[in-house]
Amino acid sequence: MNQKAKKIRKKLRDEFGFYSQNALKIRTKDGDVTNLQLNFAQQQLLNAVEEQYAKEGKIRVIILKARQMGLSTMVGGWLYWWLSQRRAQRGLVVTHHADSTRALFDMTRRYHENCPEPIKPHTKYSSRRELNFDVLDSSYVVATAGGESVARGETVTVAHLSELAFWSPSTAEENFNAIMQAVPNRKNTAVFIESTANGVSGKFYDLWRGAVEGTNGFIPVFLPWFIQDEYMEETAGSLEYTPDEEKLKDNFDLTDHQLAFRRKKIAQNGIDLFKQEYPSDADEAFLTSGRPIFNPEQLVDMIDEAEPHTHRLALEDDEWKPHPRGELVLWGDVDPSETYTIGADVAMGIRGGDYSVAQVLDSKKRHVASFRGHVHPDYFADILLRMGEFFNNAYVICESNSHGLLTCTRLYKDYNYTNFHTEISVDKISDKETIKLGFATTSKSKPLIINELRATLRERELQSNDQITLREMLTYIETETGGMEAEAGCHDDCVMSLALANYGHQQGWEPVQTYDDYYSEAI
């Protein structure tokens, strides 16, 4: 091999950009097979990847993408290049759906079948899920997220995790952790995570936030829709801009052709779907995906503006005392002249399960305190008793469903707590009245209190600094069947207890005031 040939061979091994345009074949949107010439978005991603590799000697990148930018194609090509040009490598591709798994494997097999013979690695065997390069002792395997043994017990040098936001919530955490355990934290390893957004919750969202905050070792790469040349439409004359378009034009210097493309897509699919599939910034992508009950933009603003708590207390010997890990968090001091409402949601008290939560509102609907912990239903009655006393004999409204019935019974009957929410039920046949303890959450009453809380937030009548509660509200969604609940893998205890506090507050109660001559005057 002469010097020129050696130089080219080395360049093919070391420079993905050069390799891609000379050795990788792709099928275009028009159905043609051609060399992979990196578009602007793909080149931007490659620049970020190569910059990190130059600094750290490894790649950990999370990609938030718009539709049809070719980023999966580029990442798949990068993996094939790396595996086919180096010895003793193990590549893993995991997608959210079996069809996507097959599509990515077919793309990689096309790379291999069309690779020029001088640089094409010898293949020992190929199946529907694996390519094995026997001379190099390297291999490429694909899998679908959701299996219990993804990457377990293996060593992986390069991994591509596709559409992580759409992995099954029940197994996403376990699968991701298994894959990251399989990839050594060493140089010359790579993990690519790429996905479109799917709401402000889940593993992909958490990883994106960690990357933006610089806490998890991944670098965030976001590529907006308007950097793609093909996202344009012809216009008949100049456009008259809407307020949204004026803002986009000012912020991103969009052309009329780009705005015309945007108008066409919005007319076809609606503004929310456009923002999810073709986001202009990362926040827009997350906030417009999913089916949130509460206004995501408003909640994110509240989270950003939230003040830190002022006190943290624990219940010791029936008194609330300062404690660095106390479960009762306060924003300010208790006002002796103030009236308070406490909403409570009861759980079993099992570690790793749901939380028992009590939220405190003052007379102006300021969220002034929150208790959140794993406590048994009977002891939660003690917690609510002492909280009620601590907050000036506060009005307590507690959910009575399931485990809550024990909490309500102990608080009302055993402890004789006076300012406790009860409801009177009248038998339609006997006309007999029965006192029901607490608040029964049913298919009719749940939408009532949730919608009242949504209206209260929309009108900005309720103020909260509790980031845990606000983040729970971000992941509280409407299901396909019209139900209201937390997304899979998330909690809604803080949401329900705040909704109860808001509902109890709207009842307009006044605490009973007594004085020395109260009873004699009453007689």
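Is Asn188 buried, exposed or partly exposed? In this predicted model, Asn188 is partly exposed, because its relative accessible area of 39% falls between the 20% and 50% limits. Asn188 sits in the loop between α6 and β9 (190-195). Its phi is near 60°, a positive value in a residue other than glycine.

A positive phi of about 60° is also found at Lys365, again not a glycine. Lys365 belongs to the loop between β15 and β16. With 8% relative accessibility, Lys365 counts as buried, since the limit is under 20%. Another lysine, Lys264, is part of helix α9 (residues 256-269). Lys264 has 41% relative accessibility and therefore counts as partly exposed. Ten residues separate Lys264 from Phe274 in sequence, and their C-alpha atoms are 10.0 Å apart in space.

**Nonpolar cores**

The largest nonpolar core holds 59 residues. Within this core, the residues with the most contacts are Leu161, Ile193, Phe294, Ile450 and Met473. Helix α17 (residues 493-505) supplies the largest share of the core, seven residues. Apart from this core lies another one of 55 residues, including Ile26, Val93, Val142 and Ile227.

Helix α17 has 13 residues, and 13 of the 13 are buried, so the helix is largely enclosed by the rest of the structure. At 1.5 Å a residue, α17 should span 18 Å, and its end C-alpha atoms are 18 Å apart, which agrees.

Met473 lies in α16, where Thr469, Leu470, Glu472 and Leu474 are buried along with it. Leaving aside neighbours within four places in sequence, the contacts of Met473 are Phe294, Leu299, Leu453, Leu457, Val495 and Leu498. Taken together, the buried residues of α16 pack against the helices α12 (296-305), α15 (445-458) and α17, and against the strands β15 (356-362), β16 (367-373) and β20.

**Pockets**

The two pockets are set out below by volume and by class of lining residue.

| Pocket | Volume | Nonpolar lining | Polar lining | Charged lining |
|---|---|---|---|---|
| Largest pocket | about 1,100 Å³ | twelve residues | 15 residues | ten residues |
| Second largest pocket | about 870 Å³ | 15 residues | eleven residues | twelve residues |

Which residues of the largest pocket lie nearest its centre? They are Lys29, Gln68, Met69, Gly70 and Thr73, out of 37 that line the pocket. The elements giving two or more residues to this lining are the strands β1 (25-27) and β2 (33-35) and the helices α3 (40-56), α4 (71-84) and α5 (98-113). Of these, α5 provides the largest share, six residues.

The second largest pocket, of about 870 Å³, is lined by 38 residues, and those closest to its centre are Ser201, Gly202, Glu487, Ala488 and Cys490. Two or more lining residues come from each of α6 (169-182), α7 (202-213), α16 (467-474) and β20 (476-478). Helix α16 thus appears in two settings: it contributes to the lining of the second largest pocket, and its buried residues pack against elements that include α17 and β20.

Technical notes
Residues numbered from 1 in each chain as written. Predicted model: local features only at pLDDT ≥ 70, side-chain atom pairs only at ≥ 80, totals over all residues. Heavy atoms only, no water. Core = buried A, V, L, I, M, F, W, Y, C linked by side-chain atoms within 4.5 Å. Buried < 20%, exposed > 50% of the residue type's maximum accessible area, 1.4 Å probe, protein only. Helix = DSSP H or I, 4+ residues; strand = E, 2+ residues; numbered from the N terminus. Contact = heavy atoms within 4.5 Å. 1 Å grid on protein atoms, 1.4 Å probe; cavity = no way out; pocket = protein on both sides within 12 Å on 5 of 7 lines; lining within 4 Å. Points joined across faces, edges and corners; volume = space filled by probe spheres on them. Nonpolar A, V, L, I, M, F, W, Y, C, P; charged D, E, K, R; others polar. Expected span 1.5 Å × (residues − 1).
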